[in-house]
Amino acid sequence: MLVRDATLRGEHAAPFAPVPLFGQPALDAFGAAIVAALFPRVPALLDGIYGDRPANADEALAFAIAQGASSPGAANVIGSGQKLATNRPLNEVLDGEAGGFGGPVLVPQGMNDKVSGPARASERADAFERLRPGVKVCRLEAGGHCPQDDAPEAVAAAILEFLPAVREYAQGDTSRGRAAESTVGA
């Protein structure tokens with residue numbers, strides 16, 4: 001069953017209810033523990049994430065993250081992430097026939113992902129490619145978890161090459177979106 005269809009029928013997901021024994025204080029404690037564990041390691045974590053372009057893991061980025069993590073409400077924000085509704089599956093979000101977006105989609109995928117690992121990056125790229133016609137994956141060997149930072153030139157080139165498919169889709173011609181699958185990033 002699609003989330004969209006259930007919502008249109010008025011069947012909404014049950015509102016979040018914390019485990020009665022623990023409640024919101026437990027979520028706040030969880031968020032505080034995450035912040036305490038990660039806060040001192042931010043520079044080292046960034047070095048690992050930005051392994052392809054270590055210069056991007058500079059002091060300004062570490063400071064911006066640390067500043068956000070030290071905000072009085074940071075622990076609550078992280079703990080509240082447990083309250084989020086289940087994500088809609090991509091096949092629903094990107095299925096034009098099911099009410100999702102049916103136009104051309106470009107996915108720049110860094111294959112040297114230091115967060116989830118290269119094998120998972122490859123699996124993710126494969127899954128996007130199988131999703132539907134019009135979804136184009138640009139596998140960036142020099143890109144990592146943040147390909148727009150790790151390989152900005154390659155991402156920009158892929159976007160520029162992909163733009164005609166978007167323009168044609170916007171003008172009502174969907175054939176280019178499908179044809180673009182075989183050209184971008186090849």
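**Exercise 1. Work out how many helices and strands the protein has, and in what order they come.**

Step 1. Count the elements: the secondary structure comes to 10 helices and 2 strands. Helices here are DSSP runs of H or I with at least four residues, strands are runs of E with at least two, and both are numbered from the N terminus.

Step 2. Read along the sequence, and the pattern is α-α-α-α-α-α-β-α-β-α-α-α.

Step 3. Keep the ground rules in mind. This is a predicted model, in which local features need pLDDT of at least 70 and side-chain atom pairs count only at pLDDT 80 or more, while totals for chains, interfaces and linings use all residues. Residues are numbered from 1 along each chain as its sequence is written, and side-chain values use heavy atoms, with hydrogens and water left out.

**Exercise 2. Describe the protein as a whole through its burial, surface and contacts.**

Step 1. Of the 186 residues, 27% are buried. Buried means under 20% relative accessible area, exposed means over 50%, and partly exposed lies in between (1.4 Å probe, protein chains only).

Step 2. The accessible surface is about 11,200 Å², and carbon and sulfur atoms hold 61% of that area. Accessible areas come from the Shrake-Rupley method with a 1.4 Å probe; for residues, only the protein chains shown count as cover.

Step 3. Take the contacts (heavy atoms within 4.5 Å). Among those with a separation of 6 or more, 66% join residues 24 or more positions apart.

Step 4. For a pair far apart in sequence, try Q24 and S80: they are 56 residues apart in the chain, yet their C-alpha atoms are 8.5 Å apart in space. Q24 sits in helix α2 and is partly exposed at 25% relative accessibility.

**Exercise 3. Find the residues of the largest nonpolar core and the elements that supply them.**

Step 1. Start with the term: a nonpolar core is a set of buried Ala, Val, Leu, Ile, Met, Phe, Trp, Tyr and Cys residues joined through side-chain atoms within 4.5 Å.

Step 2. The largest one has 8 residues: L94, V105, V107, M111, A125, F128, V135 and V137.

Step 3. Strand β1 (105–110), helix α7 (118–131) and strand β2 (135–140) each give at least two residues to this core.

Step 4. A second, separate core has 7 residues, including L106, C138, L140 and A158.

**Exercise 4. Explain how the salt bridges relate to the chain, using three pairs.**

Step 1. The whole structure holds 5 salt bridges. Each is a side-chain nitrogen of Lys or Arg within 4 Å of a carboxyl oxygen of Asp or Glu. Side chains of opposite charge can pair when their charged atoms come close.

Step 2. E153 and R53 meet at 2.7 Å, N to O. This pair links distant parts of the chain, 100 residues apart: E153 is in helix α9 (residues 152–170), and R53 is in the loop between α3 (42–49) and α4 (59–69). E153 is exposed at 52%, whereas R53 is partly exposed at 27%.

Step 3. E123 and R120 meet at 3.7 Å, N to O. Both are in helix α7, and because they are 3 residues apart, about one helical turn separates them.

Step 4. E129 and R139 meet at 2.9 Å, N to O. E129 lies in helix α7 and R139 in strand β2, so this pair ties together parts 10 residues apart in sequence. D126 joins E129 and R139 in a network of salt bridges.

**Exercise 5. Is D150 buried or exposed, and which residues does D150 contact?**

Step 1. Locate D150: this residue is in helix α8 (residues 147–150).

Step 2. D150 is buried but has no salt bridge, and the nearest side chain of opposite charge is R53, 6.1 Å away. For charge, Lys and Arg count as positive and Asp and Glu as negative; His and the chain ends are not counted.

Step 3. Leaving aside neighbours within four places in sequence, the contacts of D150 are I49, Y50, D52, R53, N56, A142, G143, G144 and H145.

**Exercise 6. Find the residues that make the nonpolar surface patch.**

Step 1. Candidates for a patch have over 30% relative accessible area and no salt bridge; like charges are joined within 9 Å, and nonpolar side chains (Val, Leu, Ile, Met, Phe, Trp, Tyr) within 5 Å.

Step 2. F30, I34, L38, L45 and I78 make a patch of about 350 Å².

Step 3. Helix α2 (residues 23–38) gives the largest share, 3 residues. L38 lies in this helix and is partly exposed at 38%.
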